[in-house]
Amino acid sequence: MRDITVFSGSAHPELAAEICSHLGTPLHPVRVKRFANDCLEVQLQANCRERDVFLIQPLVAPVQENLVELLLMLDAARGASAARTTVVMPHYSYARSDKKDAPRISIGARLVADLLVAAGASRVLTMTLHSPQVHGFFSVPVDHLHALRELAEHFRRYDLSNTVVVSPDLGNAKEAAAFARILGAGVAMGAKQRISDDRVVIGSVIGDVEGKDVIILDDEIAKGTTVMELLDRLRERGVKSVRVACTHGLFADGAVDRLGDRPDVEEIVCTNTVPVPDAKPGSKLRVLSIAPALAEAMRRIHDGESVSALFDAP
């Protein structure tokens, strides 16, 4: 069996360290240097020759900096004769650019997938893609995990007998339905129309939510405009309580505080796929770790075991 070697980029070293702690393997250092002309140079500071190399790097702000750093790490591993290089990308931000829905725009999800493969990625391990079809943009194997187990374990501490899981839109309805089945709850969804990146309209909520304890489930929360719009519709429908959950808690521009200031929101739950911004004291935010799940997937990939059991809902 080849030795395992794990490196982390600059995007989320805390998560990488936690993953390595669960794996029982060291996290090896990476030297990142910036030349006078602003170009990056990356050096992997551990032996990669004939090793099973894992590079941990979510694509988070500054996205372009972290992407180029990841590409250079891949090229360095290939140049150092790594036997196989797996990109561990808990958050693939370019997955939102998954279709040509306006004239003369790029499909960034496919382009970045091609760049990663061209730079030397042998396979990809990721979590909760914004659109499941992005999986097919890669020409190398992709292991696509979800965080529904971790979220479900958290919410099982509450009385779920009157609970409905609500998806903000039809695009996330399948994942919301799967989460509702895990919890033994009902499911509903918003009828959303996106006007621009930071403006949406939810005309109605499809499903029975009146008098219910609602869990809003989304794949990611950036500025929180969709969730804020959905909260208004839910209040009009007379829900009993609201909790908000997502996998990727980006919370740009103080979104976590804006959501937490809403009196109808009892709790905001996310995972640590991305570095979560600091919230003000007394925040309603709860951050769950997905490091054990990623570590187990990495172990199975390294040992040649099936990873499919991690995809299925319990």
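Visitor: Which domains does the domain assignment of the chain give?

Guide: This is a predicted model, and the answer rests on the domain assignment made for its chain. That assignment gives two stretches, namely domain 1 (4-145) and domain 2 (148-288).

Visitor: How many residues of domain 2 are in contact with domain 1?

Guide: The C-alpha centres of domain 1 and domain 2 lie 28 Å apart, yet the domains also touch, since contact here means heavy atoms within 4.5 Å. Twelve residues of domain 1 take part, and on the side of domain 2 the number is 13.

Visitor: Which three residues supply 49% of the area that domain 1 buries against domain 2?

Guide: Between them, domain 1 and domain 2 bury about 1100 Å², with 53% of this area on carbon and sulfur atoms. On the part of domain 1, more is supplied by one set of three residues than by any other three, and these are His-91, Arg-96 and Thr-128.

Visitor: With which residue does Arg-96 form a salt bridge?

Guide: Across the interface of domain 1 and domain 2 the rule finds one salt bridge, as well as seven residue pairs in polar contact. In the salt bridge of Arg-96 the closest N and O atoms are 3.3 Å apart, which is within the 4 Å cut-off. The partner of Arg-96 is Glu-220.

Visitor: What is the radius of gyration of the chain?

Guide: The secondary structure of the chain comes to eight helices and 15 strands. For 314 residues the globule rule gives 20 Å, and the chain comes close to that value, so it is as compact as a globular protein of that length. Its radius of gyration is 20 Å.

Notes:
Residues are numbered from 1 along each chain as its sequence is written. This is a predicted model: local features need pLDDT of at least 70, side-chain atom pairs count only at pLDDT 80 or more; totals for chains, interfaces and linings use all residues. Side-chain values use heavy atoms; hydrogens and water are left out. Domain bounds come from an automatic or database domain assignment. Buried area is the accessible area (1.4 Å probe) that two parts lose on being put together, summed over both. A salt bridge is a side-chain nitrogen of Lys or Arg within 4 Å of a carboxyl oxygen of Asp or Glu. A polar contact is a pair of N or O atoms within 3.5 Å; within protein, one must be able to donate a hydrogen and the other to accept it, and residues adjacent in sequence count only if both atoms are side-chain atoms. Helices (H or I, at least four residues) and strands (E, at least two) are DSSP runs, numbered from the N terminus. The radius of gyration is taken over C-alpha atoms; the globule rule is 2.2 Å times the number of residues to the power 0.38.
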